[in-house]
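Let's take a walk through this structure, from the place where the chains meet, to the charged pairs, and then to a helix and a couple of single residues. Keep the 3D view open as you read.

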Amino acid sequence: MSGFISTDRRQSWGRVTRPTQKVAKPHFPDEVPPLVGEAVRGSTPLLAVGLMRSYGDSNLNPGGAVVDMTALDRIHAFDPRSGVLRADAGLSLDALIRTTLPHRLFPAVVPGTRFVTLGGAVGNDVHGKNHHRSGSFGNHVRKLGLRRSDGSLHELGPDDSTGLFAATIGGLGLTGLVEWVELELTRIDGSSIDGETVPFHSLEEFFALSDESIASHEFTVSWIDCTRVEGTAMRGLFSRGNWSRDPARLPHPAKPKAGIPIEFPSFALNPLSLRLFNDLYFRLGRWRAGRSLTHYAPFFFPLDSIMNWNRLYGRPGMYQYQCVVPPTDSLPVIAELLQTIAASGEGSFLAVLKTFGDRASPGMLSFPREGTTLALDFRNRGTETLALMARLDEIVLAAGGRLYPAKDGRMSARLFQNGYPRLAEFTPHVDPHFSSAFWRRVAP
Amino acid sequence: MKTLRILILGATSAMAEATARLYAVEGAAIALAGRDPTRLATIAADLSARGARATSILARDLAEMEGIEAAFDGVVADLGGIDHVLLFYGVLGDQAEAERDLSEARKILDIDFTSAALWSLAAAKHLEAQGSGALVVVGSVAGDRGRQSNYVYGAAKAGLGVLVQGIAHRFALKRRKSLHAVLVKPGFVDTPMTDGLKKGGALWATPEQVAAIIRKAAAGSGPIVYAPWFWRFILLIIRLVPAPIFHKTRL
């Protein structure tokens, strides 16, 4: 039905750039090979994309073509007894959960939004609050179907000896087009989380809470107030939880209705409003601290109830910065990053800190590794913001850390190449007709 | 709850599939009719995974006018009766081409009106004999006023609309609450049919939004439902514009 249409109407979640690219949205699997063929014949670099929740440019292909996979969202097979589900790569986690939750099955790993496709979750090898327990999304993929530009379709699983499976998990869509994914789901009793919030006042306290919670809690994550940092003293809320044993099945979350209808004016976000917001957030969290039973949706996907929250950052858009640093020097490195940010006067609404466990992902370019990860968003103020992030880059580089491509829109090739030691192993698996703005910037 | 038995004519359309998913979640038994058996099988598997109690496939060219009644009987026998018949298929066609080439015009009229009317009549016969059930036919706001840009398509949809209205009237005289016919008229919907148009903006609906309206209409409602509702007023205005003024526009 639909061929490629040239348009500039697609932006990534950060909304910093609005590139022109060709877009096609197939509705049936049989439309995919002709689209791939069309791109190959026209020598147009190709990229499959999903719900566009990646922040930077890993889901953009300026001057090239993207295949919007979101209408390919059919479940091929779902067996509630074995907990295995196979579906088109365009199926969202939201739709998946709606189907599997009544059978008390849930994805083993979910990122901070349920509006991601299976293909996107594979390509970015997303992680969640349970990384210390369950690793990343790729650890639970049993099989996937990968379409290469030569027309071949590869059925790949963890037993694949060619390396193509390991390259595709976390491979940012560069190894071809993921057509379908087969997942192993996890069994739950009910649909709420038995959670607890603990306020803390220093990084030392954060690490102590992390260490103590690894054995007792499946999910851990912390919010920190990055506008007030002095040395290792700072304010934060450590939240941890386990699936509740209460068999009650709560209703699914409503589709987001409350939205940000327009772009906020840029002046709405400034160091003062950020300090006020962070202050309020901490006080509210401290007031509510303690144990509580929470619906899974606000626990895992706190921002999903506000549609288009990215518009809060106004027309210039925003950058995300997410790094992971090795466990050996985590504390001083995270302290240095936070001090640098606090000194800049910039800050973030939702600065998130979490420790990753040592479960290795099958992916060659998977972001999670053992250590501590810090994620923040910065409003785009042009060169000043870029300069701040460049200072952070140097700290991450010196610490032997890495940045998360799904969140990145500007890292240097040097930082990327240093952060991902298996890059040389990955590169031969890149499909010659697939590319992205991100890849053209950082490729060796 | 009783298992609903549904026949979807034109099951590979985006609106049809979105509607079928709503029925699947309710555990309905669903027969899918359309031309492409592979695509239908893909949809059937998905609906089963989402909760449909049973799915079956009727692979045929719905515009083929021979044997409609026999095919319909086959589905009814298969499902053991029928509760809702939903008709989605149709082609937009090419207006300019239809003006140059009468065979293009005939194709549009045959698919969008004649064959759709025959399927509707076959369904009406069954539902009436059964004494219950719903016939839901997807028309178009294009059938509300002839416009130079798509009046062949519009005429076919207008004709279909009058036919369904007539069936609704016929059913009403039976005075059975559970027997009714509805014409649903969607406005702009983001589907492959409209891929050539510039999309986005407040007037555009998603197939999921229209599906929810269709599902509600099948449960019982007036004979004409605009989807979404505001099209009723937009079309009221469009119909009221006097011809001398209307003829100056390029609508």
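Before we start, one cut-off: a residue is called buried when its relative accessible area is under 20%, and exposed when that value is over 50%. Bear in mind too that this is a predicted model.

Start with the contact between the two chains. Chain B and chain A each put 18 residues into it. The area buried between them is about 1,400 Å², and carbon and sulfur atoms give 52% of that. On the chain B side, B:Arg39, B:Ala49 and B:Arg50 supply 36% of the area that chain B buries against chain A, more than any other three residues.

What holds charges across this contact? The count between chain B and chain A is four salt bridges. One salt bridge joins the side chains of B:Arg39 and A:Glu31, at 3.9 Å from N to O. There are also five residue pairs in polar contact between the chains, counting those with both residues at pLDDT 80 or more. Helix H1 (14-25) and helix H2 (37-49) of chain B each supply at least two residues of the side that touches chain A, and H2(B) gives the largest share, six residues. By type, the chain B side divides into six nonpolar, three polar and nine charged residues.

Now zoom out to charged pairs in general. Side chains of opposite charge can pair when their charged atoms come close. Over all chains, the count comes to 48 salt bridges.

Pick out A:Arg114 and A:Asp304, whose side chains meet in a salt bridge at 3.4 Å, N to O. A:Arg114 lies in the loop between strand S7 (105-107) and helix H3 (118-123) of chain A, and A:Asp304 in the loop between helix H8 (296-300) and strand S15 (318-325) of chain A, so the pair ties together parts that are 190 residues apart in sequence. With a relative accessible area of 3%, A:Arg114 is buried. A:Asp304 has a relative accessible area of 7%, so A:Asp304 falls under the cut-off and is buried as well.

Which parts of chain A do A:Arg235 and A:Asp225 tie together? Their side chains meet in a salt bridge at 2.9 Å, N to O. A:Arg235 lies in strand S13 (residues 233-243) and A:Asp225 in strand S12 (residues 219-230) of chain A, so this pair links parts that are 10 residues apart in sequence. A:Arg235 is buried, with a relative accessible area of 15%, and A:Asp225 counts as buried at 1%.

Over in chain B, B:Lys2 and B:Asp83 pair up in a salt bridge at 3.1 Å, N to O. B:Lys2 lies in the segment before strand S1 (5-9), whereas B:Asp83 lies in the loop between helix H3 (68-79) and strand S4 (84-87) of chain B, so the pair ties together parts that are 81 residues apart in sequence. Here the two ends sit on opposite sides of the cut-offs: B:Lys2 counts as exposed at 54% relative accessibility, while B:Asp83 is buried at 8%. Salt bridges that share partners also join A:Asp73, A:Arg74, B:Glu17, B:Arg21, B:Asp46 and B:Arg50 into one network.

Next, look at helix H6 (residues 151-172) of chain B. At 1.5 Å a residue, its 22 residues should span 32 Å, and the end C-alpha atoms are 30 Å apart, which agrees. Among the buried residues of H6(B) are B:Tyr153, B:Leu160, B:Val164, B:Ile167 and B:Phe171. The buried residues pack against helix H4 (95-100), helix H5 (102-130), strand S5 (133-138) and strand S6 (179-186) of chain B.

Finish with two single residues. B:Leu47 lies in helix H2 of chain B and counts as buried at 0% relative accessibility. Leaving aside neighbours within four places in sequence, B:Leu47 is in contact with residues including B:Ala20, B:Ala24, B:Ile30 and B:Leu32. B:Leu47 and B:Ile30 are 17 residues apart in sequence and 8.5 Å apart in space, C-alpha to C-alpha.

B:Gly187 is found in the loop between S6 and helix H7 (207-218) of chain B, and is buried with a relative accessible area of 17%. Not counting residues up to four places away in sequence, B:Gly187 touches B:Val141, B:Ala227 and B:Trp231.

Definitions and conventions: Residues are numbered from 1 along each chain as its sequence is written. Chains are lettered from A and ligands numbered from 1 in the order in which they are written. This is a predicted model: local features need pLDDT of at least 70, side-chain atom pairs count only at pLDDT 80 or more; totals for chains, interfaces and linings use all residues. Side-chain values use heavy atoms; hydrogens and water are left out. Helices (H or I, at least four residues) and strands (E, at least two) are DSSP runs, numbered from the N terminus. The expected span of a helix is 1.5 Å times one less than its number of residues. Buried means under 20% relative accessible area, exposed over 50%, partly exposed in between (1.4 Å probe, protein chains only). Contact means heavy atoms within 4.5 Å. Buried area is the accessible area (1.4 Å probe) that two parts lose on being put together, summed over both. A polar contact is a pair of N or O atoms within 3.5 Å; within protein, one must be able to donate a hydrogen and the other to accept it, and residues adjacent in sequence count only if both atoms are side-chain atoms. Ala, Val, Leu, Ile, Met, Phe, Trp, Tyr, Cys and Pro count as nonpolar, Asp, Glu, Lys and Arg as charged, and the others, Gly among them, as polar.
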